[in-house]
Amino acid sequence: MSDSTQPPEETPDPSEGEGEPLSGWGRFAAGVTGLALSGAGTVAVFVTKNQAGSVALVLGGIVFLLMLISGNPLLSLGHGDTQMRFANRRRRVIQEAEEAPPREARSALEALSTIDPLASRDAAFIRTSARVHERLMYAELLRLFPEFSVNEGRLDGPIHPDITVVTPDRYAIFIESKTLQGPVSTTVVHQLTGMAAASVMGGLLVSNQKLSRGAEGLLLRARESGNKVSFVQWRDENDSGALKGAVIGLLREVGYGSSNGQ
């Protein structure tokens with residue numbers, strides 16, 4: 001998983017009140033309002049010519065849905081500079097996403113980045129997004145391979161992969177998860193091939209981004225020289241077919257299915 005730095009301490013803004021968290025009924029009302037606005041905006045996109053108004057309805061719905069997720073009241077919404085501030089600010093939404101189930105965390109982060117585009121440059125946002133992406137992929141691997149042992153976390157040995165997949169007959173691969181802002185670089189592929197060379201397992205690189213041209217060439221040369229390494233792009237559940245195929249393909253390269261007719 002890609003590393004990120006700790007964000008600098010924020011200086012409190014005297015003009016930014018803390019406010020009380022929303023009550024249960026307040027969150028319910030925010031959710032109903034958010035769904036209504038988002039639904040109306042989505043319909044309006046197709047039946048009216050006022051695209052700006054339609055988008056405004058959708059964004060307004062997202063604001064109220066984020067209030068539902070975070071439990072924080074909206075303090076102000078400005079037009080022009082489009083300043084939207086929540087009582088406990090961006091950092092608290094990110095902290096809540098770190099602790100939330102991965103699907104809820106993904107929704108919260110997507111809403112936050114829509115409302116606050118600068119959030120995507122925040123080191124804490126980047127780190128949390130990477131962790132959420134890895135957690136979602138891990139959950140999807142558990143669903144795709146219930147008959148395999150899918151383990152998250154570091155293991156004893158020369159390498160410390162993000163995830164390992166082990167078949168009942170003990171064929172194994174490791175998975176490295178990289179959530180990046182741009183194409184996968186040659187440096188990341190070098191790290192993958194180095195880990196594969198230091199282990200007896202095949203190595204699968206999974207990223208939300210595609211390989212750069214240089215990284216694609218490097219991976220191809222590594223495979224041609226006998227390294228059991230592979231790559232797949234996985235952004236969400238829509239890419240799970242490709243993820244499953246990549247895992248099975250690499251397991252076959254390390255011997256899975258060679259003696260049981262699979």
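# Reading the helices and the sheet

User: I see Arg131 and Glu134 together in helix H5, three residues apart, about one turn of the helix. What does Arg131 form with Glu134?

Analyst: A salt bridge, and in this predicted model the closest N and O atoms of Arg131 and Glu134 are 3.2 Å apart. To read such a pair, check the distance against the cut-off: a side-chain nitrogen of Lys or Arg has to come within 4 Å of a carboxyl oxygen of Asp or Glu. By this rule the count comes to seven salt bridges.

User: Let's move on to helix packing. How are two packed helices described?

Analyst: You give two values, the angle between their axes and the distance between the axes. Try it on H4 (residues 102-115) and H5: their axes lie 9 Å apart, and the packing angle is about 145°. The crossing of H4 past H5 is left-handed.

User: Which residues of H4 and H5 meet there?

Analyst: On the H4 side, look for Pro102, Arg103, Ala105, Arg106, Leu109, Leu112 and Ser113; on the H5 side, they are met by Phe125, Thr128, Ser129, Val132, Arg135, Leu136 and Glu140. Sorted by class, this contact of H4 with H5 holds seven nonpolar, three polar and four charged residues.

User: At what angle do H5 and helix H8 pack?

Analyst: H5 (residues 123-144) and H8 (residues 240-253) pack at about 70°, and their axes are 11 Å apart. Because of that angle, H5 is roughly perpendicular to H8. Their crossing is right-handed. Met137, Glu140, Leu141, Arg143 and Leu144 are the H5 residues here, and they meet Ser240, Leu243, Lys244 and Val247 of H8. The classes in the contact of H5 with H8 are five nonpolar, one polar and three charged. Glu140 is worth finding on screen, since it is listed both in the contact of H5 with H4 and in that with H8.

User: And how do the axes of H6 and H7 cross?

Analyst: The axes of H6 (residues 186-197) and H7 (residues 213-224) cross at roughly 20° and come within 8 Å. That angle is why H6 is roughly parallel to H7. H6 and H7 make a right-handed crossing. From H6, the residues are Thr186, Val189, His190, Leu192 and Thr193, meeting Gly214, Ala215, Leu218, Leu219 and Ala222 of H7. The contact of H6 with H7 has six nonpolar and four polar residues, and no charged ones.

User: Now the sheet. How do strands of a sheet pair?

Analyst: They pair through backbone hydrogen bonds, and the pairing is either parallel or antiparallel. This model has an open sheet of five strands in the order E3-E4-E5-E6-E7, and its pairing is mixed. E3 (149-152) and E7 (229-233) are the edge strands, each with a single partner, so each has one side left without a neighbour in the sheet. From one strand to the next, the twist averages 20°.

User: In which sense do E5 and E6 pair?

Analyst: In the parallel sense: E5 (residues 172-178) and E6 (residues 202-207) are joined over six bridges. To follow one of them, start at Phe174 and go to its bridge partner in E6, Gly203.

User: Which strands do H5 and H8 touch or lie across?

Analyst: H5 lies across E3, E4 (163-166), E5 and E6, and runs at about 165° to E3. H8 also packs on the sheet, touching E4, E5, E6 and E7, with its direction at about 165° to that of E6.

Note on methods:
Residues are numbered from 1 along each chain as its sequence is written. This is a predicted model: local features need pLDDT of at least 70, side-chain atom pairs count only at pLDDT 80 or more; totals for chains, interfaces and linings use all residues. Side-chain values use heavy atoms; hydrogens and water are left out. Axes are lines fitted to C-alpha atoms, for helices over the stretch in contact, and angles run from 0 to 180 degrees between N-to-C directions. Helices (H or I, at least four residues) and strands (E, at least two) are DSSP runs, numbered from the N terminus. Angles under 35 degrees count as roughly parallel, over 145 as roughly antiparallel, 65 to 115 as roughly perpendicular and the rest as oblique. A crossing is left-handed if the near helix is turned anticlockwise from the far one by less than a right angle, and right-handed if clockwise. Contact means heavy atoms within 4.5 Å. Ala, Val, Leu, Ile, Met, Phe, Trp, Tyr, Cys and Pro count as nonpolar, Asp, Glu, Lys and Arg as charged, and the others, Gly among them, as polar. Two strands pair if DSSP finds at least two bridges between them.
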